Every structure is written in structure tokens, then in C-alpha cells.
Amino acid sequence: MRYIPVTDRDRQEMLKRCKADSVEHLFSCIPEQVRLKRPLNLPPAKSEMELIKYMQSLAAQNSNTGNYACFLGAGAYDHYIPSVISHLISRQEFLTAYTPYQPEISQGTLTAIFEYQTMICELTGMDVANASMYDGASALAEACAISSGAFRKRSDIIIVEDMHPEYRETVETYLKFRDIKYTSMTVKQLLEADLTNVAGVCVQYPSFYGDIYDMQVIGDYVKQNGSLFIVCANPVALALLKSPKDFGADFVVGEGQPLGMPMGFGGPYLGFFACVKEHMRKMPGRIVGKTTDVDGKTAYVLTLQAREQHIRREKATSNICSNQALCALTATIYLSVTGKKGFKQVAQRCVDNAHYVYEGLLKTGKFEKTSDMPFFHEFTVKPKVNIAALNRYLYGHGFIGGLETDRGWLIAVTEKRTKEEMDEFIRRAGEFNG
Amino acid sequence: MRFTRDHEWIKKEGKYAYIGITDYAQQQLGDIVYVELAEEDLVLQQGDVLCAIESVKTAAEVYMPVSGTVIEANAELEDAPEKINEDPYGTYLAKIIIDDETELNDLMTEDEYNEFLESEAE
Amino acid sequence: MAELIFNLSKEGKCAFSLPESQVPSYEIDKKYTREDDVSLPEVSEVDVIRHFTNISRNNYGVDQGFYPLGSCTMKYNPKVNEDVAGLQGFTSLHPYQPEYQVQGALKAAYELGGYLCEITGMKGATLQPAAGAHGEMTGIMIIKAYHQNRNDNKRTKMIVPDSAHGTNPASAATAGYEIVQVKSDDLGLVDIDALAALMDDETAGLMLTNPNTLGLFESNITKIAKIVHDKGGLLYYDGANLNAIMGIARPFDMGFDVVHFNLHKTMSTPHGGGGPGSGPVCVREDLVRFLPKPVVCKDGERYYLDHDRKDAIGRVKAFYGNYLVYIKALAYILTMGPDGLKKASETAVLNANYIMAGIKDSFVIPYDRFCMHEFVLSGSRQKEQYGISTLDMAKRLLDYGYHPPTIYFPLIVHEGMMIEPTETESKETLDKFIEALNKIAKEAKTNPELLHDAPHNTYVRRLDEVTAARNPVLKWEKEQDE
């Protein structure tokens, strides 16, 4: 047993000290009738060599974006991950530590989270940010739940229709079990809707299909009607686009995966969560604050804990009791490495590449426009052919194509795509006739 | 001044009454860091949650000793929650109008409350 | 004082480069763009490496030393698991790639789900929940969906023991339940009579961990299950303490209906300073249809994601859970095999009993009989005789180079300290820890000041948590430093 260092001889000595006849004796409190009387039906133990071989064989059955140029986005993006990230986050001090409950020996994690919170506030323009949540979808759901509870006389939630469908489904799950009413509508409908009973309005920025709305107009309407404005933002887009603070957001949440995390078949990712000061003490999750120790030395500590489940139990703001600390650290390192200039360059290169591909696809004459709205690094076009077949054709030529949606083919282009890849992608997509 | 088994006090002054927590309660809570103040105009029944008090490691709810309407919350506590620790009987949480003053008779007098504390300690 | 990355910023520094662009630049309409740049630090790559390396040294991880944190199962995190989860064939997969491109990834998830079912005795699994609390919420939602599906809508309450972790009631509340607390009896177990009195046709079920948070096996478990089931309720198993019973007893056989795992505890995936974890949920056969969608299924030799599940509770997050985390759990299960998992549980229990036996003379043991994988001692003697709190003793352990155990939990133990050694610790490590605890018990008597002021040797000492909570400073601002 590689990971069990207690020898047979140790065992005998230890049992003696415990005044137990055998290991079995220690388990005598477990009634016979619930005992498992056979070995677990699992494959026999593998040696390290066998394990690696087996896992490699599973990995080899997947076509990964190292070998295929990825034009798929829809909530997970193929950005470049700087080399320093894996080196730093695999340091055991970060990787194998628990939640920083003992601040005296957790200043590494606590300092990094404090920096993370600062960066998320910078990015979103919000006053405060928490230490992170499971992912963008669950962060959005939590923001809805808090908004719903923020008023005495209104509690409904509106989700704008072109929100990521899986985010919408997640919010629906969180809300329906708490009997919170929610509705879905277009932005156009929203701007005419009666918001008297509406506590919060959620808009994705840019939308699931890539559209960038005039958020000022939406924000003004929501605020005039006294509701809270929840913005679900792409963090890389925030490098270029107007800060949610400027158009009146109360909550800004989103998926932090683009900030240095691999796509990893869907996780682990990073839900960022920020808001204006008024909601600080209702925020879910961990929060790190600055303080001093008995010697006056600056230090960081988990704070505002009275909101949380281990104190408030069923009255807690949320049941969450972890954060995605290592992913938050990843984002912090990513934003430090790219920095003020590099982060903007990444965003601008995404814009340049996405517009190059967009124009290129339209020029082939095989695709129709679906929107006149501005976009960031993601857009839809309508092909004349079957999308699944088109993607299969492209796969044969080394590409992972876009997502099939009800508005057409959803394409994302990041800074990673080279001109050769984009030219070839456009050419192959244009030559396919179904 | 009258007292509840949940360690609130209530004091009638003219047409209003003031509500706070007892010295025992503030000691149990430790350093108070935040008070989630009651909303004005709120109409509450005896036993309803009036507001919440947070210390570093605990949170406690304050219940209405009697039924009534909240007239004003002590805004001073927003910036200085420690006042409750410093002077629990001189620091009120909310000023209310009592619905039915006979409800006060259900509450304990100071002597009764001290006896109650002693019996609890046993 | 350690500086923040922001203090290192200097205009003109950059740690990043992009290839020259070969496509025309495109400018988004100014109406939609920001005027200023996001104020991020400007630092070099060396700055980044040194800064994060240096702050990391103020942390304490399992690789450094003993971490007997009760209820958290801080076992060793095998390195090979990191390697296999880091294979590009897993890391560089987009979650929306068509099934024919990701058969290996789906197969891995399918196999893991099956193994988790075998370990718990259940019939279906979801790997979607991202953490233990997320799994709890999912599991309780499944219970609610089950009742609603039978048009049994009057069940509004969920029973939780007074020894339960705070997450239990919080999770049940997120699923819309009112919480009813059942008390523990003198033996530290669920009070059966009290439970029977509470359980009625308005109660949806009972949440329990077994062994419970006192480290004691609920030996009446079949009676408990009967009480709950007879009144139409379901029994929820909080998997926090699964490390005691793998291969020995299974939640399904005990009468549980729904169970969640903490793969970051039982299955050795690292905690990462608070996450990411992974909290799969397994259920008995007739609850499989309520699992969140999609579920990984197999048809002949083809693996696929089944989205077409009309009774599913919905989704609890985007995509399929913390994939790269649960791949590590798969690697762990494959490494351990059936005998290894059982040995892990046996050794975890032996190690806990060994520590308990070793410190018995120094501390009050409120439930003095064999424990499972963890036990709770009470610092009441030190508190009453010398005015030393359990917090003081925990902080003193820092000076001895240990991560302290969990303290003041469960709430029903006065001055409680909950110790969980796990199976990956050697007798030598346990002996040293026992010695340290006994020494601290002596210090409480001979040198109480030393303990009041502990820790003495750490990078920072006790913090002013009151000011932190009263006047929260939650981000760096330039002015603060000037």
C-alpha cells in the first residue's frame, strides 16, 4: 500500500495500546446486518506504471485542442495559459493546504485571495468581491437569491433570454426550490416590462450569442424601476468594454475560466462574484479582509463570517463553505502576468481575430448574418448546411467547430488562433456543401 | 425595564418603548461587530425577529418582547456597534410603539430576570 | 512585511508577450468601450514568480506535515494523480466537443460514477456538484423532487442532528426546507425516541453522517432508517465521514437513500487552500431519474451524455462538474483497489484510536469508547482548572509545527477538539503528535501564559479579527499604503 505507512508490526503495537484485540474489534460498533460481507467489486489495485498507462489510454481517446484548432466557446474559452501558472499553482503550499481557517499558517492563500478580490473589483468596478464560487452559473444563481431577499415587497427575478442556457437552467434550479418566481424575456420586452415586483434583472455581457447590448439603457431602466441589476460578464471582455459600474450594476458575476484555467472538459472553473457595498454583508462565500496581528504586523484573515453556514446554519446567506481557491490563485497569477497592458492586448487580439473570421466567413457567401450588434470574440452566423455535418467535416481537417444554437453557428475566436488556422478554417467552412 | 428569556430588555418612555439586549447577552456574544438594524415602520408580533447582531464567531437574532411597530432604529450602531458591549442598558436597538401594553406583564422584572439567569447557570 | 503584488508594480514592466498580429485591427464602437485601462499591476515574470513563491511559504500544506483536522480528512494527495489529471487529453478538452471526440473522457466519468455507486451500494451517480455543500444541496433537491413527484407536497421539514455540520441545515434551507433539530443522547448518538417523536408526514427526511461528527458509528442505524422510512421520509447520507467505512459497510445497506461524496476528502484530491473540490451524489435506483442532467450513460461501446431526463431536478452548475478534480479521484480508486480502500479505512480508524489512547490521561474524552476515523476530546479540564481554552491549545500546536485539529465542533461538546489523523500517517508521526498534545496539557498547568499568547513561532501571530469584521478592508487601495 503506497499511501499507508503503518506496518504490520506497528499495527500490533498500536492495537495493544488501544486495548483492542484486532482491527476488527475496533469496528465492533457496526452491526453485522449492515456489514459488507464481500470485497468491493472494483478493479484490482494498479501499480503507478499501470495507472499511468491506463489513464494515458483514456486521454488518448479524446481529440484535444493541442492537436485541433478550437473555434468553440459558449462559456469555455481556449485562451493561452502562461507557463508560470502551472509552476506556481502546483506548489504544495498552495495545492495541499486546507481552507485558511488558521490565519497564522495560511497567509499565502489569504494574501493571494486578498489580491484576487482587489483585481476582481478593478475588473468589474464593484466595491467588494468574495473569494470566489464554484463557477459562473452558480455565482449568478447566488446573486439572484440574494437580490430576491433584498426587499420587503418584491422578490421576482428576470433573466434575459440570451443568457447562457446552462446558466439559466442553474438559476432556475436554485430559485424554484426556494419558491422564488422568475421569468425569462428578451431585452426588448424587458425595457417595457412592469418591474414592480421584480427584485433583480440578470443580463449577460456580452450575451450568449456574443451581442453587446447598450447596457446603459438597460441599467437606467432597471434602476429607474427600483430593481437590482445583475450583470454576468466575460472577464476578458471587461478589459475593453465599459465597466459595469458605469451603467449601474449592483452585482457583477461571471465565469473566470478564461483567466488562466484550462477548459478541462468543463471544470474546475471559477465563479467570480462582486457587488456594491450595500450588499457586502449578504455576500455568499468566503471573504478575506485585512487586519493586524498582536505585534501590529499586517495580515489577512477570513472575515464577515457571521454570514456563513458554520455560524448561521439554516439562516446563512448561502450553504457554500468552500471557494475555488486554487482557481482564484490562478486568475490572480494570470492577471499579474498579463498585467495592465498584456490583459488588454489579449482582449484586443480576440476582437481582431474574431472579426477577421466573421468577415471571412461572410465573404465565402455560405453564411448569413444573424445580428447587427457589436460583438467581442464570439458571434453567430447562419450556415446553409447542417451544422453537425459541417463540424464533422471541419474535424476531419483539424478543427473543432462552433456550437449549434437556435440562432446559428456560435463561433469563438481567441488570441491563440493564428492567421493560418483562421484562413484554413474559413476556407474549409466555405467549401463544405453538405 | 422588563426582560425576556431571550435576554432582551424593553423600557417604556412616554408613548414609545426602547428595546435592547442585556449585559448577559452582550457578554455571551463577545465583541459585537455589526448590527443589522430593524427597518422602520415594520409591524411585528411578539416573538418576531426584530434585528440581528453579529460578533466575530456568532450571530444572534433579537426578538420582539411585545407586539408593536418599529419607529426608529438606532442609527448610531451602524458605525459603532461596540456601544452595545460598552453600555448594554444605555444602548437601544429600536424604538417602537407597543400595540398592547398588557403584553408587558408577561415579561420578567429585573429581580425575576436575575433569578432566571441564576437558574440557567445551574 | 510581505508586499502585495500591487506594491511591486512599475510602469513599463510586463511579463507577457503575444505573437505579432497578422490580421487587421478592429475597433469596437467607442460607445461600448471603456476609456481607462483596468488597473492591474505591471510586473515582470521574475516579480510574479518570486512574489507568489514567497507568499506560498507562509502556508502550511499536507506535504509539510501532520494535518489532523477533524471532519476534513486531510490525507496525503498522491502526486501521480496530478500527473494523470494534467494529461493534455483531459485538460485541453472543450466541454461542448461532440461525443465522438471525447469518448475517453466520458468513459472515465462513467467508470468513476460506477465505482462510487459500488462503494456506497447505490445505483446512479451525478458528478456535477462542485463541492460537498453543493452535493448536499443537490441531494436534498432530489429528495424534494421525489416527494413532489408523488404529489406529496406537505413535507416542509428536514431533520438534522444537533451534532451536524452547519452546512447540513444551510443546504436543506437552500432546497426550501424548514429545519428541525433532533438531539443526541448520552452516548453521542441520535436520540431514537426524540427522532420518532419528530418524524411525521410533514417531514421530508433526515440528514445524517455515519460515523457521526463525534466519530461514533450510529449503531442504531437500521432503526433510524425504519423510523424515517415508515413515515415516508428519505434518509440522506453526508459523505464527510466515508473514510471510516470503505469496504466495511455501505450507506445503502444501512438504509440510506441518497449520499454525497467529498472526493477532496475521502478520495485524496488536494484541497487547494479551500477548493476546488468535488461532491458527486449517488442515489438508490428509484431516485436515479431525479439526478441533475446530463448523466453519462453507455450504449454498447459508446458513451454519451443523456440530456433527455424529464424528471431531473435541473442543473446545479454549468457543464459536468469539476472534471479535472474527479479524474484524480478515479486515479486514486484505481490505485487503491478494493483491498486498498478497505485498508485505508481500517488504518484511519486504528490511527484515531491510537491517538485517543495516547492522550486519554491528559484530556477529558466525553465519549470514551472505540471511535471510528476521528474522535472529539474536551478541553474542559484545562479550561476549568487553568483557564486555558481549547483555542489556546490549538494555537500552541502551531508552535509545535502542526496544523491544529478542528475546534469548537461539534457544538455539543464543551471546548471540543476534533482529531482526525487519516490513514496516511505513520506511527512515528502519531507518537510525536501525542507527545506534543500531552506536553501542551502540562504547559496548561505550568505555564498558562505561554498558551494564552501562542502561537509564538509563526509568520504572523494571533490576529485582530474584531477590527477586520467591524471595519472591513476587503481590497487593496493605493491610498492605504501611502
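How much area is buried between domain 1 of chain A and domain 2 of chain A, and what percentage of that area do carbon and sulfur atoms give? The legends below start with that question and then move on to chain C; please keep in mind that the model is predicted.

**View 1. The two domains of chain A.** The domain assignment splits chain A into domain 1 (69-80 + 340-431) and domain 2 (85-332). Their C-alpha centres are 28 Å apart. Here is the reply to the opening question: about 1,900 Å² is buried between domain 1 and domain 2 of chain A, and carbon and sulfur atoms give 67% of it. On the domain 1 side, Phe343(A), Met373(A) and Phe376(A) lose the most area to domain 2, together 29% of what that side buries.

**View 2. Residues where the domains touch.** In chain A, 27 residues of domain 1 are in contact with 21 residues of domain 2. Six residue pairs are in polar contact between these domains, with both partners at pLDDT 80 or more. Helix H12 (325-363), strand E12 (378-383) and strand E14 (403-405) of chain A each give two or more residues to the domain 1 side. H12(A) supplies the largest share of that side, six residues. Sorted by class, the domain 1 side has 15 nonpolar, seven polar and five charged residues.

**View 3. A salt bridge between Arg407(A) and Asp211(A).** The side chains of these two residues meet at 2.7 Å, N to O. For domain 1 and domain 2 of chain A, the count is one salt bridge.

**View 4. The interface of chain A and chain C.** Now we turn to the contact between chains, to which chain A brings 190 residues and chain C brings 201 residues. Chain A and chain C bury about 17,100 Å² between them, with 65% of it on carbon and sulfur atoms. In chain A, the residues that lose the most area to chain C are Tyr3(A), Phe177(A) and Phe265(A), together 6% of what that side buries.

**View 5. Polar and charged pairs between chain A and chain C.** Ten salt bridges are found across this interface. A close-up shows Lys341(A) in a salt bridge with Glu42(C), where the closest N and O atoms are 3.0 Å apart. The interface also counts 79 residue pairs in polar contact, both partners at pLDDT 80 or more. Helix H12(A) appears again here, giving the largest share of the chain A side, 25 residues. That side divides into 96 nonpolar, 54 polar and 40 charged residues.

Notes
Residues numbered from 1 in each chain as written. Chains lettered and ligands numbered in written order. Predicted model: local features only at pLDDT ≥ 70, side-chain atom pairs only at ≥ 80, totals over all residues. Heavy atoms only, no water. Domains from an automatic or database assignment. Contact = heavy atoms within 4.5 Å. Buried area = accessible area lost by both parts, 1.4 Å probe. Salt bridge = Lys/Arg side-chain N within 4 Å of Asp/Glu carboxyl O. Polar contact = N/O pair within 3.5 Å; in protein donor to acceptor, adjacent residues only side chain to side chain. Helix = DSSP H or I, 4+ residues; strand = E, 2+ residues; numbered from the N terminus. Nonpolar A, V, L, I, M, F, W, Y, C, P; charged D, E, K, R; others polar.
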